[in-house]
Amino acid sequence: EEVGIPYATVAGRGFLERPEVRDLLNALAAISDPTDDVALFGLLRSPAVGFSDPELHRIRMAGGFAPGQLWAALRQDASPRAQRATALIESLHTEAGRVTVAELLKHFLDKTHYRAGLMTIGEGRAARNVAKLLDDAVRSGLVGVGEFLEYVANLRDMGSREGEARTDSEGAVQIMSVH
């Protein structure tokens, strides 16, 4: 990677463990249930929203809320970023369960420009992984976010190690790590 040699991992770390895939799964969980602090923290820290840990700590402590109430603290925060994040989550939350998971994910990607952000920082493989997750959501045909997340969790629990999205480069070195 450092010297620009194209490569494709066959199993390695695994598709479901990639940061961009975890970001999107957290986003789906937080959109479906904004009171899920873990998923909401994951969404807010992701490049899609971009809060830093100190900012999230400030919001959380300023709200004076108990654990499980980050959503309430975020909604009371007057900063422009918090207001944009709240509006994003609220608008997509109304769609959850009414449109397919694939449509919900696409709306999230479009509203946050997540894919474009990955491409601007030279993360072509990450953008392809995002496209692969979107394709998986389309193929599932599921409407319930919970059902889709349960499907993904079952894959993870079974130890399924799906490879990352393939690189477009011909002549790429194939790497398989076993550990």
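Colour the chain by secondary structure: 9 helices and 2 strands appear, each being a DSSP run (H or I, at least four residues, for helices; E, at least two, for strands) numbered from the N terminus. From the N terminus on, the order is β-α-α-α-α-α-α-α-α-α-β. The model is predicted, so local features need pLDDT of at least 70 and side-chain atom pairs count only at pLDDT 80 or more, while totals for chains, interfaces and linings use all residues. Residues are numbered from 1 along each chain as its sequence is written, and side-chain values use heavy atoms, with hydrogens and water left out.

Next, colour by accessibility. Of the 179 residues, 41% count as buried; buried means under 20% relative accessible area, exposed over 50% and partly exposed in between, with a 1.4 Å probe and protein chains only. For contacts, the criterion is heavy atoms within 4.5 Å. Among the contacts in the chain with a separation of 6 or more, 66% are between residues 24 or more positions apart.

**The core**

Select Leu44, Phe51, Leu74, Phe108 and Phe148. These are the residues with the most contacts inside the largest nonpolar core, which has 48 residues. Such a core is a set of buried Ala, Val, Leu, Ile, Met, Phe, Trp, Tyr and Cys residues joined through side-chain atoms within 4.5 Å. H1 gives the most to this core, with 8 residues. In soluble globular proteins, nonpolar side chains tend to be buried together.

Stay on Leu44 and show its surroundings. Leaving out residues up to four places away in sequence, Leu44 touches Val49, Gly50, Phe51, Leu56, Leu70, Leu74 and Ala85.

**Helix H1 and its partners**

Select H1 (residues 19-32) and H8 (residues 124-140): the two pack at an angle of about 40°, with their axes 8 Å apart. H1 is therefore oblique to H8. Axes here are lines fitted to C-alpha atoms, for helices over the stretch in contact, and angles run from 0 to 180 degrees between N-to-C directions. Angles under 35 degrees count as roughly parallel, over 145 as roughly antiparallel, 65 to 115 as roughly perpendicular and the rest as oblique. H1 passes H8 in a right-handed crossing; the near helix is turned clockwise from the far one by less than a right angle in a right-handed crossing, and anticlockwise in a left-handed one.

Show side chains at this contact: Glu20, Val21, Leu24 and Leu25 in H1 meet Ala126, Asn129, Val130 and Leu133 in H8. By class, the contact has 6 nonpolar, 1 polar and 1 charged residues. Ala, Val, Leu, Ile, Met, Phe, Trp, Tyr, Cys and Pro count as nonpolar, Asp, Glu, Lys and Arg as charged, and the others, Gly among them, as polar.

Pause at Glu20, which lies in H1. Is Glu20 buried or exposed? Glu20 is buried, with a relative accessible area of 5%. Apart from residues up to four places away in sequence, Glu20 touches Tyr114, Leu118, Ala126, Asn129 and Val130.

Now add H2 (residues 37-45), which packs against H1 at an angle of about 125°, the axes being 8 Å apart. H1 and H2 are therefore oblique to each other, and their crossing is left-handed. Asn26, Ala27, Ala29 and Ala30 of H1 make the contact with Ala39, Leu40, Gly42 and Leu43 of H2. These residues divide into 6 nonpolar, 2 polar and no charged.

Swap H2 for H6 (residues 101-112). The axes of H1 and H6 come within 11 Å and cross at roughly 105°, so the two helices are roughly perpendicular to each other. Leu24, Ala27, Leu28 and Ile31 supply the H1 side of the contact, and Val101, Leu104, Leu105, Phe108 and Leu109 the H6 side. The classes here are 9 nonpolar, no polar and no charged.

**Single residues to finish**

Go to His113, in the loop between H6 and H7 (114-120). Its phi is near 60°, a positive value in a residue other than glycine. At 54% relative accessibility, His113 counts as exposed.

Select Glu55 in H3 (residues 53-63). Glu55 is partly exposed, at 28% relative accessibility. Setting aside neighbours within four places in sequence, Glu55 is in contact with Gly50 and Arg81. Draw a C-alpha to C-alpha distance from Glu55 to Arg45: 9.6 Å, for 10 residues apart in sequence.

Last, select Tyr151 in H9 (residues 145-157). At 43% relative accessibility, Tyr151 counts as partly exposed. Tyr151 and Ser140 are 11 residues apart in sequence, and their C-alpha atoms are 9.3 Å apart in space.
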